[in-house]
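Let's take a walk through this protein together, from its strands to its empty spaces. Have the sequence and the model at hand as you read.

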Amino acid sequence: GLNGVSAKMKLSANINGKAVSSSGSIKAQKSRGVQLAITPLGLFEIARVEFLPLYVQYINKMEAEYAKVDYSSIALLKQHGIGFALLESLFLNSIYIPDGLSVEKFLSTATVKNIGENMVVTYKAADIIYEYHINKAAGLLTKSVGTYKNGTSVTCTYANFRQVGTAQFPAAIELTLGGAGIGASLSFSLSKIKENGEFTPTTPSASYKKVSPDSLLKLLGGK
């Protein structure tokens with residue numbers, strides 16, 4: 001897989017029946033973070049969301065304000081056990097190996113089944129079952145699923161693979177969160193995908209007001 005990517009993106013989100021769509025760009029760099037820049041008409045950037053190793057940062061350029069929030073305080077992410085490492089793997093089309101396990105240890109405890117044209121790798125952690133669907137002929141990860149003891153699930157499907165640098169990378173990424181009373185999906189359609197998504201986390205301008213994370217939490221289905 002790739003250690004970093006950058007691309008133009010079209011984004012559509014459906015959170016509890018409310019649909020929103022926009023466009024912008026995405027940069028993802030292994031161990032560093034994922035940056036989504038929202039540029040509705042391709043003219044100027046109005047907002048930025050950065051998923052960084054220790055926190056999520058939301059910058060609203062229209063209102064000249066920003067918020068920082070821990071992963072554990074975002075209800076939608078916490079309910080699904082989603083932290084930085086898992087989010088990063090979803091955006092980079094890679095298999096998430098929990099708790100710093102080595103690849104060898106992960107594979108020795110995972111079960112592998114052949115189902116049609118896919119190889120399905122299943123790994124059980126404490127309260128979570130991870131499942132990865134790999135297309136055998138192409139060697140591509142086409143679907144990742146995490147199912148939790150409380151019945152919620154996270155599914156990420158990948159399609160429209162393109163050659164990017166030395167690897168194939170999906171131009172279509174769809175993330176769905178499901179469970180009792182939860183309905184959220186995010187679809188990313190990527191173009192102009194390039195290898196290397198290096199970015200530096202944004203330092204908000206000194207004139208920006210730090211606000212409570214409510215607007216970010218609302219955006220991410222928090223309380």
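Two strands count as paired if DSSP finds at least two bridges between them. With that in mind, look at β1 and β2 in this predicted model: Ala13 of the protein stands opposite Val20 in β2. Strand β1 covers residues 4-15 and strand β2 residues 18-29; they run antiparallel and are joined by twelve bridges. The two strands form a hairpin, with two residues between them. In that turn, Asn16 has a positive phi of about 45 degrees.

How far can the coordinates be trusted? The mean pLDDT of the protein is 87, and 93% of its residues reach 70 or more. Among the elements, strand β11 (residues 153-164) has the highest mean pLDDT, 94, while helix α4 (residues 214-219) has the lowest, 61. Where pLDDT is low, the predicted coordinates should not be read in detail.

Now to the empty spaces. Rolling a probe the size of a water molecule over the atoms shows where empty space is left. A search of the whole structure finds one cavity of 30 Å³ or more. The table sets the largest cavity beside the second largest pocket.

| Space | Volume | Nonpolar lining residues | Polar lining residues | Charged lining residues |
|---|---|---|---|---|
| Largest cavity | about 90 Å³ | eight | four | none |
| Second largest pocket | about 550 Å³ | 13 | eight | two |

Which elements build the wall of the largest cavity? At least two lining residues come from each of α2 (84-91), β9 (128-135) and β10 (140-148). Strand β10 gives the most, with four residues. The lining includes Leu86, Ser89 and Leu90, along with Tyr130, Tyr132, Ser144 and Val145. Tyr96, Tyr148 and Val154 are also among the lining residues.

The second largest pocket has a volume of about 550 Å³. It is lined by 23 residues, and those closest to its centre are Gly1, Asn93, Ser94, Ile95 and Tyr96. Here the elements giving two or more residues to the lining are α2, β10 and β12 (167-179). Ser94 and Tyr96 are worth finding on your screen: both line the largest cavity, and both are listed by the centre of this pocket.

Tyr96 turns up once more among the aromatic rings. The protein has five aromatic pairs, and ring pairs link Tyr96, Phe106, Tyr123 and Tyr130 into a cluster. Tyr130, like Tyr96, also belongs to the lining of the largest cavity.

Technical notes
Residues numbered from 1 in each chain as written. Predicted model: local features only at pLDDT ≥ 70, side-chain atom pairs only at ≥ 80, totals over all residues. Heavy atoms only, no water. 1 Å grid on protein atoms, 1.4 Å probe; cavity = no way out; pocket = protein on both sides within 12 Å on 5 of 7 lines; lining within 4 Å. Points joined across faces, edges and corners; volume = space filled by probe spheres on them. Nonpolar A, V, L, I, M, F, W, Y, C, P; charged D, E, K, R; others polar. Phe/Tyr/Trp six-rings, centres within 6.5 Å; stacked < 30°, edge-to-face > 60°. pLDDT = per-residue confidence, 0-100.
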